[in-house]
Amino acid sequence: MAEKLSVRGKDIDGVVVSAKAKKVVCIRKDTLVKVRKYERYAKVMTKILARVPEDLDVKVGDTVRASECRRTGKDVAFVVTKRLS
């Protein structure tokens, strides 16, 4: 039985770096942040936990899109909506 989670808020594109849990994956999101002092850009990496629906097959190394939803766990507030590659 597929669960229905309503999505709202942010959409995040990232790479799956860990899929050890049963229904949860860890997504790495890379962004560039400007450092005003040095007038350069620095890479910043964020890891986000996202729930995986039963109908999606997601593995480590896949690029996915995750959308914000209600909390489904202590640290899980996103759900994978699409597999990009």
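1. Strands here are DSSP runs of E, at least two residues long, numbered from the N terminus. With that in hand, let's start at Lys-23, which sits in the loop between strand 1 and strand 2. Keep in mind as you read that this is a predicted model.

2. What does Lys-23 touch, once residues up to four places away in sequence are set aside? The list is Ala-50, Arg-51 and Val-52. Lys-23 has a relative accessible area of 38%, so we call this residue partly exposed. Now look across to Lys-43: the two residues are 20 apart along the chain, and their C-alpha atoms are separated by 29 Å.

3. Next, follow the chain into the hairpin. Strand 2 covers residues 24–35 and strand 3 covers residues 40–51. How do these two strands run relative to each other, parallel or antiparallel? They're antiparallel, with 12 bridges joining them. If you'd like one pair to find on screen, try Lys-34, whose bridge partner in strand 3 is Tyr-41.

4. The turn of this hairpin deserves a look too. There are 4 residues between strand 2 and strand 3. Glu-39 takes a positive phi there, near 55°.

5. Strand 3 has another neighbour to check. Strand 5 (residues 78–83) pairs with strand 3 in the parallel sense, over 2 bridges. Here Arg-51 stands opposite Val-79 of strand 5. You've met Arg-51 already, as one of the residues that Lys-23 touches.

6. On to charged side chains. How many salt bridges does the model have? The count comes to 4. One of them is between Arg-65 and Asp-13, where the closest N and O atoms are 2.8 Å apart. This pair links distant parts of the chain: Arg-65 belongs to strand 4 (residues 63–69) and Asp-13 to strand 1 (residues 7–18), 52 residues apart. Arg-65 counts as partly exposed because its relative accessibility is 27%. Asp-13 is partly exposed as well, at 39%.

7. Two more salt bridges are worth clicking on. Arg-28 meets Asp-30 through their side chains, at 3.4 Å from N to O. Arg-28 is partly exposed, since its relative accessible area is 30%. The other pair is Asp-57 with Lys-59, whose closest N and O atoms lie 3.9 Å apart. The cut-off for a salt bridge is 4 Å, so a distance of 3.9 Å still gets in.

8. Back in strand 4, find Ser-67. Is Ser-67 buried or exposed? Its relative accessible area is 6%, and buried means under 20%, so Ser-67 is buried. The side chain of Ser-67 makes a polar contact with the side chain of Asp-11, at 2.7 Å. Leaving out residues up to four places away in sequence, Ser-67 touches Val-7, Lys-10, Asp-11, Ala-77, Phe-78, Val-79 and Thr-81. Val-79 is the residue you saw opposite Arg-51.

9. Finally, the cysteines. How many disulfides turn up in a search of the whole structure? The answer is 0. For Cys-26, the nearest cysteine sulfur is that of Cys-69, 16 Å away. A disulfide needs the two sulfur atoms within 2.5 Å, so this pair doesn't qualify. Cys-26 is buried, with a relative accessible area of 13%. Cys-69 is in no disulfide either, and its relative accessible area of 2% makes this residue buried too.

Key. Residues are numbered from 1 along each chain as its sequence is written. This is a predicted model: local features need pLDDT of at least 70, side-chain atom pairs count only at pLDDT 80 or more; totals for chains, interfaces and linings use all residues. Side-chain values use heavy atoms; hydrogens and water are left out. Two strands pair if DSSP finds at least two bridges between them. Buried means under 20% relative accessible area, exposed over 50%, partly exposed in between (1.4 Å probe, protein chains only). A polar contact is a pair of N or O atoms within 3.5 Å; within protein, one must be able to donate a hydrogen and the other to accept it, and residues adjacent in sequence count only if both atoms are side-chain atoms. Contact means heavy atoms within 4.5 Å.
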